[in-house]
Amino acid sequence: METNLQFRLAARPVGMVKDSDWEQYSPELELLTDGEIRVKVLYISLDPAMRGWMNEGKSYIRPVAIGEVMRAGGVGVVVESKSPKFAVGDYVSGGTGVQQYWTGAADDKTGNFHKVDPALAPLTTYLNTLGMPGMTAYFGLIESGQPKAGETVVVSGAAGAVGQTVGQVAKQLGCRVVGIAGGKDKCDFVVNQLGFDACIDYKNESVKDGLKQHCPQGVDVYFDNVGGEILDTVLTRINLKARIVICGAISQYNNTTPVKGPSNYLALLVNRARMEGIVVFDYADRYHLGIKALAGWMKDGKIKSKEDIVQGLENFPLALNMLFEGKNFGKLVLQVAQH
Ligand SMILES: NC(=O)c1ccc[n+]([C@@H]2O[C@H](COP(=O)([O-])OP(=O)(O)OC[C@H]3O[C@@H](n4cnc5c(N)ncnc54)[C@H](OP(=O)(O)O)[C@@H]3O)[C@@H](O)[C@H]2O)c1
């Protein structure tokens, strides 16, 4: 009988996730019952949010329980079906978890699978620009950031999954776009390949000086993926009625001390500015509109989707930590099987 390698949460991490926070299991695959499908997982999406899901406490989604298969989005292919909803050979995207096979009811709310077409875009794109990070970027920028042509948009984590799409969409909307990213290669990429107007290498230059130089008219929209000191510094350059989109704060996720809040928050008062948190799931009923817009720009060659693919489910713990070390270049995806 075939087995299913799974990564289950063994302990709640303190600081960076350690190998001992995971346990590997390989249960045998069981026979399907009526209404069920089996999905062979091809790619798993590695997301900074996974670190938060490992913590106890109230959030926008319940924590992963100790002993539970780690939650993850993924793309796979249906290999067995006892449901009219999916046929063998259908490619699907949904909540696969960190494992080789997902088995359950075709209409299961956690799996929440929908079909994707590999003829329209590479499968990994459905985990990036045409998936959750793309939806976060599109709706977070447009609905919360409300950028207008001619305004200056700054985005941190600029070469990452969400950041790359935020900047490219803002360019399509006629904005001046300045990225913030770690390292020369990432900065060169977002300017030369993605068309950003400038990029500040926060690891090698002063963010304050970079903002002065590249945002001479100030900052109208800041799309924040990182929090911490960078958020504090951008606050010193915002314009009247600026919009700050709090998408994430990856610089704080592994803290063993309290999260560093923005000490410059009075810039919001002085500038009658707004800071708003967003959660992508709130836009779920309109994802089809975001996908249509982004797919259209991609088809016209106006938006690119860059993924960074790591091979092998066994490398999951190491690959997840790449996000927090800035080692991923583009949307980080784990390839579990060939297709
Ligand atoms: N609110 C929502 O619904 C929602 C949905 C999706 C994602 N998010 C958030 O969006 C953010 C980006 O997610 P993503 O999937 O696009 O990840 P990503 O940008 O593809 O990968 C994470 C990147 O964060 C940067 N980083 C890591 N540690 C950092 C630090 N201490 N200071 C500054 N930058 C650091 C690294 O880039 P550098 O090399 O440039 O440092 C790293 O490559 C995360 O905060 C995530 O939690 C929120």
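**Close-up views of the predicted model**

**Panel A. T256 in the loop between β12 and α7.** T256 is found in the loop that joins β12 to α7. The model shown in this and the other panels is predicted. T256 has a relative accessibility of 62% and therefore counts as exposed, the threshold being over 50%. Once neighbours within four places in sequence are set aside, the residues in contact with T256 are V14 and G15. M16 provides a further reference point: 240 residues separate M16 from T256 along the chain, whereas their C-alpha atoms are separated by 9.2 Å.

**Panel B. The two assigned domains and the contacts between them.** The domain assignment divides the protein chain into domain 1, made up of 6–128 and 306–335, and domain 2, which covers 132–281. The centres of the two domains, taken over C-alpha atoms, are separated by 28 Å. Contact between them involves 19 residues of domain 1 and 16 residues of domain 2.

**Panel C. Surroundings of S156 in strand β8.** S156 lies in β8, a strand formed by residues 152–156. With a relative accessibility of 0%, S156 counts as buried, so it falls within the range under 20% that defines this class. Apart from neighbours within four places in sequence, S156 is in contact with G163, I180 and I230, and also with Y222, F223, D224, N225 and V226. G57 is 99 residues from S156 in sequence, and the two C-alpha atoms are 27 Å apart in space.

**Panel D. Helix α6, a mostly covered element.** Helix α6 comprises residues 228–235, and 7 of its 8 residues are buried. The buried positions are G228, I230, L231, D232, T233, V234 and L235. One of them, I230, is also among the residues in contact with S156 of the preceding panel.

**Panel E. K241, a residue of strand β12 with positive phi.** K241 is found in β12, which runs over residues 238–246. The phi angle of K241 is positive, at about 65°, although this residue is not a glycine. K241 counts as exposed, with 54% relative accessibility.

**Panel F. R272 in the loop between α7 and β13.** R272 lies in the loop that follows α7 (266–270) and leads to β13 (274–277). Its phi angle is near 45°, a positive value in a residue other than glycine. The relative accessibility of R272 is 56%, and the residue counts as exposed.

**Panel G. V88 in the loop between β4 and β5.** V88 lies in the loop between β4, residues 74–81, and β5, residues 91–94. The relative accessible area of V88 is 57%, which means that V88 is exposed. Not counting residues up to four places away in sequence, V88 touches V78, V79, E80 and S81. R12 is separated from V88 by 76 residues in sequence and by 37 Å in space, C-alpha to C-alpha.

**Panel H. D107 in the loop between β6 and β7.** D107 occupies the loop between β6 (101–105) and β7 (114–115). D107 is exposed, and its relative accessible area is 53%. F86 is 21 residues from D107 along the chain, with 10.0 Å between their C-alpha atoms.

**Panel I. The protein chain as context for the close-up views.** The protein chain contains 9 helices and 15 strands. Its radius of gyration is 20 Å, close to the 20 Å given by the globule rule for 339 residues, so the chain is as compact as a globular protein of that length. Along the principal axes, the C-alpha trace spans about 65 × 45 × 35 Å. Of the 339 residues, 52% count as buried. Among contacts with a separation of 6 or more, 66% are between residues 24 or more positions apart. The accessible surface comes to about 15,300 Å², and carbon and sulfur atoms account for 52% of it. The chain carries 35 positive and 36 negative charges, whose mean positions are 7 Å apart.

Methods. Residues numbered from 1 in each chain as written. Predicted model: local features only at pLDDT ≥ 70, side-chain atom pairs only at ≥ 80, totals over all residues. Heavy atoms only, no water. Helix = DSSP H or I, 4+ residues; strand = E, 2+ residues; numbered from the N terminus. Rg over C-alpha atoms; globule rule 2.2 N^0.38 Å. Buried < 20%, exposed > 50% of the residue type's maximum accessible area, 1.4 Å probe, protein only. Contact = heavy atoms within 4.5 Å. Areas by Shrake-Rupley, 256 points an atom, 1.4 Å probe, with all protein chains shown as cover. Lys, Arg positive; Asp, Glu negative; His and termini not counted. Charge placed at Lys NZ, Arg CZ, Asp CG, Glu CD. Domains from an automatic or database assignment.
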